Amino acid sequence: MKQAISLVLSLILAGASALFALAAGTGFEDVPTTAWYAGAVNYVSEKGLMSGTGNGKFSPDTPMTRAMLAAILYRNEGQPPVVDIGAFSDVRGGWYADAVNWAAASGIVSGYGDGRFGVNDSVTRQDMAAILWRYAGSPAAVSGQDFADESSIASYAAAAVDWARANGIISGKGYNRFDPRGNATRAEIATMIMNYAQYKEGDEPTPPTPPTPSGSKTLVVYFSATGSTERVANIIAEELDADTFELVPTNSYTSADLDWTTPGSRVNREHEDESLRDIELVADTVENWEQYDNVFIGYPIWWGIAAWPVNNFITANDFTGKTVIPFCTSSSSGLGQSGTLLANMAGTGDWQEGQRFSSGASGETVRQWVQSISLN
Ligand SMILES: Cc1cc2nc3c(=O)[nH]c(=O)nc-3n(C[C@H](O)[C@H](O)[C@H](O)COP(=O)(O)O)c2cc1C
């Protein structure tokens, strides 16, 4: 029986990506369900903000034009009535005219000064940040961690990039680069729009009721390779007055280990060969484990599933009698099957649906979620 269960579990794990694919189903042949932007493409197409480019394609790597970005924001705004201010010679009569006129009248976009808007010009990454920031009402920006190429960000976009990064709306590329003058791709814009929606949700005021019934104890267990999940874990713990327990691999992950863009990097090897995913932890059991009624399990999403360093904690502990709440951070993917796969791996415990946060989710977003769940 045990053998049969473990065979089923390993099949589930081996096919995690495939299961995730079925669950998410992007509907575009060039958007694999394991792509980092798949969740965002689903979001923008479900909301009617972006559609495909024809022939069943989304063209995730294609640059976005200025007219198209204005159209997406205009749709997001519910397409309010527009007065044609006739500001741009290259806009009149185009399908994008209402959108560009609305965006210009709202101070979200401006033209080139020669009477043109540049409808078919590509949007750069710094323009993408600046346009969204103005759309958001130019909120105050806290400059946090700098990008390695911070000095090449144009001054008009600096506050926008700070704001977008601090709120988890836009992230950098590899090696902490922002690439401000690079073209923004359709996948990047879709991700930005989805993360912005989550940021806006977090703006709603948090109800004040404390959710944890008195007398129950809560533990927040997490693995975090680059600090995003840790930040969310600490907010949850603070909100619930809970204890935390960090899962630390004995052989910790360096930046080079985590670079999935380099073939043969440690994460790539572990992704390709499941037998390498047995990650030894400095500690996989918690003192006074029996006293906890609620256990949160946090992890980053790696290739659509929970980062595997959490696995040895899951298999080493008995969750009987505990409410278990998975949560994850990711660039774009949803929670997908990650929580269900861990629940199956554990075999015990009352596992809840769980929640995904963007890598830089605001404290307000996290607190709001914590307030919405009912614990033991
Ligand atoms: C090896 C690896 C694989 C990743 N795979 C995905 C993915 O499939 N989908 C996604 O949206 N983000 C993916 N990411 C991004 C992380 O999920 C995201 O940056 C997360 O917030 C990192 O959390 P941490 O800072 O706690 O490690 C991946 C990151 C790494 C290092």
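Among contacts in the protein between residues at least 6 apart in sequence, what percentage join residues at least 24 apart? In this predicted model, the figure is 77%. The protein has 376 residues, of which 43% are buried. Its secondary structure consists of 14 helices and seven strands.

A suitable place to begin is strand E3, which spans residues 294-302. This strand is mostly covered, since nine of its nine residues count as buried. Strand E1, made up of residues 218-222, pairs with E3 in the parallel sense, and five bridges link the two. Within this pairing, Val-221 is placed opposite Ile-297 of E3. Strand E5, residues 323-330, also runs parallel to E3 and is joined to it by seven bridges. Here Pro-300 has Thr-329 of E5 opposite it. In general, the side chains of a regular strand alternate between the two faces of the sheet.

E3 has a further pairing, with strand E4, which comprises residues 305-306. In this case the sense is antiparallel and the bridges number two. Trp-302 has Ile-305 in E4 as its bridge partner. E3 and E4 form a hairpin with two residues between the strands. In that hairpin Trp-303 adopts a positive phi near 50 degrees.

The ligand leads back to the same strand, E3. The shell around the ligand contains 23 residues, and the closest of them are Ser-224, Thr-226, Ser-228, Thr-229 and Pro-300. Two or more residues of this shell come from each of helix H9 (228-240), E3 and E5. Pro-300, one of the closest residues to the ligand, is also the residue that stands opposite Thr-329 in E5. Sorted by class, the shell holds nine nonpolar residues, 13 polar residues and one charged residue.

Attention may now turn to a pair of helices. Helix H3 covers residues 38-46 and helix H8 covers residues 186-201; their axes come within 8 Å and cross at roughly 70 degrees. Because of this crossing angle, H3 is roughly perpendicular to H8. On the H3 side, the residues that meet H8 are Gly-39, Ala-40, Val-41, Tyr-43 and Val-44. Their counterparts in H8 are Ala-190, Thr-191, Ile-193 and Met-194. By class, this contact between H3 and H8 comprises seven nonpolar and two polar residues, with no charged residues.

Definitions and conventions:
Residues are numbered from 1 along each chain as its sequence is written. This is a predicted model: local features need pLDDT of at least 70, side-chain atom pairs count only at pLDDT 80 or more; totals for chains, interfaces and linings use all residues. A residue is buried if 20 or more other C-beta atoms lie within 10 Å of its own, exposed if 12 or fewer, and partly exposed in between; C-beta atoms are placed from the backbone. Helices (H or I, at least four residues) and strands (E, at least two) are DSSP runs, numbered from the N terminus. Two strands pair if DSSP finds at least two bridges between them. Axes are lines fitted to C-alpha atoms, for helices over the stretch in contact, and angles run from 0 to 180 degrees between N-to-C directions. Angles under 35 degrees count as roughly parallel, over 145 as roughly antiparallel, 65 to 115 as roughly perpendicular and the rest as oblique. Two residues are in contact if their C-beta atoms, placed from the backbone, lie within 7 Å. Ala, Val, Leu, Ile, Met, Phe, Trp, Tyr, Cys and Pro count as nonpolar, Asp, Glu, Lys and Arg as charged, and the others, Gly among them, as polar. A residue is near a molecule or strand if its C-beta atom, placed from the backbone, lies within 6 Å of it.
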